[in-house]
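Colleague: Could you take a close look at the place where the ligand sits in this model? I'd love a connected walk through what surrounds the ligand and what touches it.

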Amino acid sequence: MMKGESVSIRDIEKRYGSANAVNRVSIEVAAGEFLSLLGPSGSGKTTLLMMIAGFQLPTAGLIKVGATDVTHVAPNRRNVGMVFQKYALFPHMSVRENIAFPLRMRKVHRQDIDRRVDEALAMVRLDAYGDRKPVQLSGGQQQRVAVARALVFEPPVLLMDEPLGALDKNLREQLQIEIKTLQQRLGVTVIYVTHDQEEALTMSDRIAVMNGGQIAQIGSPSNLYGQPASPFVAAFIGKMNFLSVEYLGRSESGTQIRVSDRSTISVTRETAAHGPALTYGRPLRAAIRPESISVLQKGLGGPTSIRGIVETSIYVGSHHILLVNIDGRSDAPLQVQAPAGQNLPAFTRGDAVDVTMDSDAIHLFGENGGVQ
Ligand SMILES: Nc1ncnc2c1ncn2[C@@H]1O[C@H](COP(=O)(O)OP(=O)(O)OP(=O)(O)O)[C@@H](O)[C@H]1O
Ligand SMILES: [Mg+2]
């Protein structure tokens, strides 16, 4: 039985010339944790992972696996397994030989190698495929071999860089669950790079959202989804509507914001909206998720609703996606997730509706980001 080790990343930096690919990143990964590095292309995910693996040296900072400082230790002496996006299998070797390779490198005894390769093959459900060459396997099977090869020497830490990036959606979702199940069963610590937010939400205990070489926010999936610290994180995780609004003031019913000439709404969600800069008329960005907006026929929405016209209605099985133009606003329509059911009216293009935003689900940000 493997056991995970903690990973400490402290003030890690990687400079290329004058540019910082990774800029003073610190993360404490707990033993047995599944941590994802999520971010757009070029945000520094691979560079950070390569420094943890030892394939690149940081310009500054410290990396520890368990209690050991590995900052300057060679990759093969770090006791971390690595899976890459492209199947980095040896094409001339059979599946068995590929999986045995890390054990041969470590001079493990012949009989032990056979037994451990059998176990690793069973672990990724490829018992019958040991004698094939990589070219005779599907993409998903090749990636399972790569996982088996990375885990066969029982490393306490497994690093994966977009391991499912080359696979189609169904296979990706199936392998996400397989990898997560395996990780929980083995207790191994995983640091997993992806730019797919759904994948990160599905698999992770915590997600570190990266932007421009820095950590924009780190937290549990529900924490990032429910309490995004900036418009960047709000937009990157899940679908979010943004509206430019004006600050009017505070009252007992919450923070008052103007959405259009005709409508003012209250935000009851706790905001630090006391700053001196927050004066009457100050522009803010309001953010709200599609599932926190409800739509009723015109006239049924109550006093806090605002008027709108349905621009598009799309049925997606479990619910409808409505695009609604808010009365008096000329910006992009609001995306609303409305439940679908036999007794619920289905809206169509042109319908006049009352739109109600859940006042506890509206996030307010300053014009240039940051929580107000
Ligand atoms: N060897 C290098 N020399 C110079 N700049 C580099 C080098 N490697 C990476 N970079 C730069 O560092 C930044 C981070 O790159 P990195 O590969 O870590 O991004 P990433 O988040 O993994 O992106 P992707 O999702 O596209 O894989 C990018 O701006 C990239 O151009
Ligand atoms: Mg990358």
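Modeller: Happy to, starting with the contacts: in this predicted model, an N or O atom in the side chain of T47 comes to 2.5 Å from an oxygen atom of ligand 1. For ligand 1 taken alone, the exposed area is 630 Å², and the protein buries 55% of that. S41 also uses its side chain, with a polar atom 2.5 Å from an oxygen atom of ligand 1. With S43 the backbone takes part instead: one of its N or O atoms lies 3.2 Å from an oxygen atom of the ligand.

Stepping back to the whole shell, you will find Y16, A21 and P40 around ligand 1, then S41, G42, S43, G44, K45, T46 and T47, and finally E162. By character, these shell residues split into six polar, three nonpolar and two charged. K45 and E162 are the charged pair, since Lys and Glu count as charged, while Y16, A21 and P40 make up the nonpolar group. Which element gives the most to this shell? That is helix 1, residues 45-53, with three residues. K45, T46 and T47 are the shell members that fall in its range, so the T47 side chain described above belongs to this helix. S41 and S43, the other two contact residues described here, have numbers before the start of helix 1 at residue 45.

Definitions and conventions: Residues are numbered from 1 along each chain as its sequence is written. Chains are lettered from A and ligands numbered from 1 in the order in which they are written. This is a predicted model: local features need pLDDT of at least 70, side-chain atom pairs count only at pLDDT 80 or more; totals for chains, interfaces and linings use all residues. Side-chain values use heavy atoms; hydrogens and water are left out. A residue is near a molecule or strand if one of its heavy atoms lies within 4 Å of it. A polar contact is a pair of N or O atoms within 3.5 Å; within protein, one must be able to donate a hydrogen and the other to accept it, and residues adjacent in sequence count only if both atoms are side-chain atoms. Accessible areas come from the Shrake-Rupley method with a 1.4 Å probe; for residues, only the protein chains shown count as cover. Helices (H or I, at least four residues) and strands (E, at least two) are DSSP runs, numbered from the N terminus.
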